[in-house]
Amino acid sequence: MGELEGAVYDLGRAIWKEDRDWYLARFAELYDGGIEAFGPAGPGADACMEAELWFLFDCPLDTGQTPLHRLSQRSGGRAVELLARSELRAWRIESVDGAGVLAALCPLGTGRARLETARRPLGELAAGAMLVARSVPVGPGRWALLGSAPIVDREAIADLDALLAMLDAPRGEFWRVHGGVLAHAAWAWPEDREHTIDGRIVEGSLAAFRLADPAAAVAVLQGDPELDGGGAGAAQPDAETGILRWDWRWHPPLARAPRNEPGVRHRLCGEDAGAAPVLATIVLDLDVPEVCLLAPTPARLALAERLLAARLGSTLGPLTLREVDPPSVVPRWKRAAFERELRALPSTTRGREAA
């Protein structure tokens, strides 16, 4: 394992030096925002390993070849030969035999095998779990796993099994043809998507307007009984920023579930999940002066704009900004460290190892 990972680092650095600008651009495709996404300290060892694996196996050169294919043509060596035989494979864990050693079954492939890994998989490792990883054959019934192997979320295992059953390729080529699709699914599923009560996917929407008469606008909004902070309990401006905020209460439409999709986990948005549903939020900045509307969908924003214009009349000035964010799905590589307990071994095995 150490030899293979060392070879990946060495080959990755060698490729990086050949055309730094080209690979920086490709790195930005792999990680949103490129290197800057990792902050001043830069990417850690795990992120670098994932990037270098991607450079070797997936990053397209201008010739259409992968860097590893080019390296295998230029020179040999055991490490390059083993890496060239590797595949992205799905494995179902049968047992954890010791530190970094797993007994597993590969569907549509080699059957039972011993897996060796230098890094703990990402997720809860237990019998029955499924993981997808860059797998290198290192001996009869022995495979080494490179990089951070994601364990498929329990909620997505049935979806991944269904995907495996749908895919078609010659038996000996299945993993080379479809491994990338399964690896992406293992990292991304389940996608967390927010939706409104009527089943629409959340697209954060904002509109901003200048105010011709801020004092008159504040008076109207403070007296509106449909606004939280209106009526008797009038909202008070923030002492430091001079900003007032109201939630616009409303009667939402009938509930409708979003369309079911494989590997997607839906969650009702905060505006509709509370006891008092919110059409939109009004933010008024006395310093600018400007009023902003924030809504979970463009349709809700358009309704809120019409209602606000009807209430404020001539005190509402011209539109200065309108933005709609695309639906956001947080990549698993970003959320794994924060939302998941990362365990390489069950507690009983860790106890034996410590002993």
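**Aromatic pairs, strand pairing and two buried loop residues**

A search of the whole structure, which is a predicted model, finds 2 aromatic pairs. In one of them, F174 and W175 meet edge-to-face, with 5.0 Å between ring centres and an angle of 85° between the planes. Both F174 and W175 are buried. A further contact with a ring involves a charge: the charged end of R134 sits over the ring of F57, at 3.7 Å from the ring centre.

The protein contains 12 helices and 13 strands. Of its 355 residues, 45% are buried. The exposed surface of the protein amounts to about 18,000 Å², and carbon and sulfur atoms supply 54% of this area. Among contacts between residues at least 6 apart in sequence, 68% join residues at least 24 apart.

Strand β3, spanning residues 111–117, has 5 of its 7 residues buried and is therefore largely enclosed by the rest of the structure. Pairing of β3 was found with β2 and with β5. With strand β2 (residues 101–106), the pairing is antiparallel and extends over 6 bridges; within it, L105 has R112 of β3 as its bridge partner. With β5, the pairing of β3 is parallel and extends over 4 bridges. Here the bridge partner of L115 is W143 in β5.

Beyond the end of β5 (142–146), the chain enters a loop that leads to α6 (157–166), and S148 is located in this loop. S148 has a relative accessible area of 9%; because this value is under the 20% cut-off, the residue counts as buried. Leaving aside residues up to four places away in sequence, S148 touches D46, E50, R119, L122 and W187.

A second buried loop position is V202, which lies between β6 (191–195) and β7 (205–211). Its relative accessible area is 16%, also under 20%, so V202 is classed as buried. With residues up to four places away in sequence again left out, the residues touched by V202 are E194, H195, T196, C269, P296 and P327. The C-alpha atoms of V202 and A295 are 9.0 Å apart in space, although the two residues are separated by 93 residues in sequence.

Methods
Residues are numbered from 1 along each chain as its sequence is written. This is a predicted model: local features need pLDDT of at least 70, side-chain atom pairs count only at pLDDT 80 or more; totals for chains, interfaces and linings use all residues. Side-chain values use heavy atoms; hydrogens and water are left out. Rings of Phe, Tyr and Trp (its six-membered ring) pair if their centres lie within 6.5 Å; planes under 30 degrees apart count as stacked, over 60 as edge-to-face and the rest as tilted. Buried means under 20% relative accessible area, exposed over 50%, partly exposed in between (1.4 Å probe, protein chains only). A charge sits over a ring if NZ of Lys or CZ of Arg is within 6 Å of the ring centre and within 35 degrees of the ring normal. Helices (H or I, at least four residues) and strands (E, at least two) are DSSP runs, numbered from the N terminus. Contact means heavy atoms within 4.5 Å. Accessible areas come from the Shrake-Rupley method with a 1.4 Å probe; for residues, only the protein chains shown count as cover. Two strands pair if DSSP finds at least two bridges between them.
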